[in-house]
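Could you walk me through this model in my viewer, one selection at a time? I would like to know what to click on next and what I will find there.

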Amino acid sequence: MSASEASDWQVVDKALRHWGSCFPMAAAKPYLGEGPLGPLKSVRLEETQFSGLERRMDKVLCVEREGGTQLLHLEFQKRWEAELPYRLFEYSALLHMARPLEGEQRALPVRSVVIVLSGPASLERARRCYSWGWEEGDNQVSYELEPIYQLSMQDLEGRDPAWWVFAPWVKDASVDKIEKLLHRLVDGAQTVGGDAAAGTVVEARQASEIVAVMSVLAEQTAVHGGIAAFLWGTMKEVLMSSALWQLAVEQGREEGREEGREEGREESRGEERSALLSLAQSIMDEAEFGILCEIRDVTLLRAAVHARVKRLKASV
């Protein structure tokens with residue numbers, strides 16, 4: 001991934017983490033909605049002492065079910081990467097360790113899901129296993145691979161509306177289909193058909209977050225052109241009412257303030273450097289002053305001039 005692509009993906013990564021924070025239950029349901037532990041009771045963000053590591057993980061959810069508790073690790077990828085299974089192994093091991101290290105009686109089972117936005121046609125949804133072997137035996141992690149680009153718009157509509165953020169990346173995405181999807185989502189915050197027979201009611205504030213994340217994802221796909229422009233052209237007010245938009249605006253303001261502070265520091269350093277060189281020129285010969293002029297770091301320049309002044313005072 002190039003530096004430009006990496007920078008663009010950071011924006012997508014932040015948007016998808018925001019999505020996981022806004023819709024934890026919807027995020028978990030396709031993977032843990034059914035099973036021997038019974039239906040989902042609650043889903044919340046998992047907080048452990050590995051907070052630094054979890055900033056590298058995309059989203060870790062703690063899922064409470066009638067039969068017990070487990071962790072769901074969602075990892076978002078623009079495309080499949082060969083080293084990803086090893087990273088999942090590392091994350092899974094550390095998540096297993098986290099609770100016992102924090103005084104819990106036992107580790108929680110971890111389920112890992114990799115959501116891939118683009119890749120070859122041969123990549124299919126499957127459960128995979130990665131092994132890291134020692135002489136004493138094999139250690140392994142299993143994970144579920146979800147190539148979102150292999151889904152159709154109909155597949156996506158069968159999920160909770162929160163998953164519609166991925167519409168720009170499905171294989172049959174088009175402006176017309178997304179326009180119909182958004183009418184169902186936004187118009188009057190009406191009931192839309194999720195995976196529940198009675199449908200899922202989407203509130204206006206939830207709809208705005210879905211549209212905002214969808215627009216970020218649309219900006220990063222070159223496969224289905226025109227979707228990003230359509231979203232910005234027709235959904236601007238909805239986008240600007242989202243918390244994601246407000247976070248981006250505040251971050252931009254903070255970056256602007258930091259740039260202003262840095263410019264002020266640069267100006268101050270420039271003034272100090274000029275004053276130091278002026279003093280140095282008055283007490284040094286031409287050769288010594290020429291060498292000093294090559295020092296760009298103000299801290300080093302200050303130390304050199306002060307040392308020269310000190311030697312001059314000592315010789316008087």
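A residue is called buried here when its relative accessible area is under 20%. By that cut-off, 42% of the 316 residues of the chain count as buried. Keep in mind as you look around that this is a predicted model.

**The whole chain**

Start with a cartoon view of everything. You should find twelve helices and eight strands. Among contacts with a separation of 6 or more, 60% are between residues 24 or more positions apart.

**Strand 3 and its partners**

Now select residues 68-79, which form strand 3. Ten of its twelve residues are buried, so strand 3 is largely enclosed by the rest of the structure.

Add residues 59-65, strand 2, to the selection. Strand 2 and strand 3 run antiparallel, with seven bridges joining them. Look for the hairpin between the two strands: it links them through two residues. For one pair to click on, take Cys62, whose bridge partner in strand 3 is Leu71.

Next, bring in residues 110-118, strand 4. Here the direction is parallel, and eight bridges join strand 3 to strand 4. To see one of these pairs, show Arg79 together with its bridge partner in strand 4, Ser118.

While you have side chains displayed, a general point may help: in a regular strand they alternate between the two faces of the sheet.

**Helix 6 against helix 7**

Move on to residues 175-186 (helix 6) and 204-219 (helix 7). Their axes come within 10 Å and cross at roughly 155°. Helix 6 and helix 7 are therefore roughly antiparallel to each other, and their crossing is left-handed. Show the side chains where they touch: Ile178, Leu182, Leu185 and Val186 come from helix 6, while Ala207, Ile210, Val211 and Met214 come from helix 7. What classes of residue make up this contact of helix 6 with helix 7? Eight are nonpolar, with no polar and no charged ones.

**Helix 7 against helix 8**

Keep helix 7 selected and add helix 8, residues 227-234. The axes of this pair come within 8 Å, crossing at roughly 145°, and the crossing is left-handed. On the helix 7 side, the contact uses Met214, Ser215, Ala218 and Glu219. Helix 8 contributes Ile227, Ala228, Leu231 and Trp232. Coloured by class, the contact of helix 7 with helix 8 shows six nonpolar residues, one polar and one charged.

Before you leave, click on Met214 once more: this helix 7 residue takes part in the contact with helix 6 and in the contact with helix 8.

How values were computed:
Residues numbered from 1 in each chain as written. Predicted model: local features only at pLDDT ≥ 70, side-chain atom pairs only at ≥ 80, totals over all residues. Heavy atoms only, no water. Axes fitted to C-alpha atoms, helices over the stretch in contact; angles between N-to-C directions. Helix = DSSP H or I, 4+ residues; strand = E, 2+ residues; numbered from the N terminus. Parallel < 35°, antiparallel > 145°, perpendicular 65-115°, else oblique. Left-handed = near helix turned anticlockwise from the far one by under 90°. Contact = heavy atoms within 4.5 Å. Nonpolar A, V, L, I, M, F, W, Y, C, P; charged D, E, K, R; others polar. Buried < 20%, exposed > 50% of the residue type's maximum accessible area, 1.4 Å probe, protein only. Pairing = 2+ DSSP bridges.
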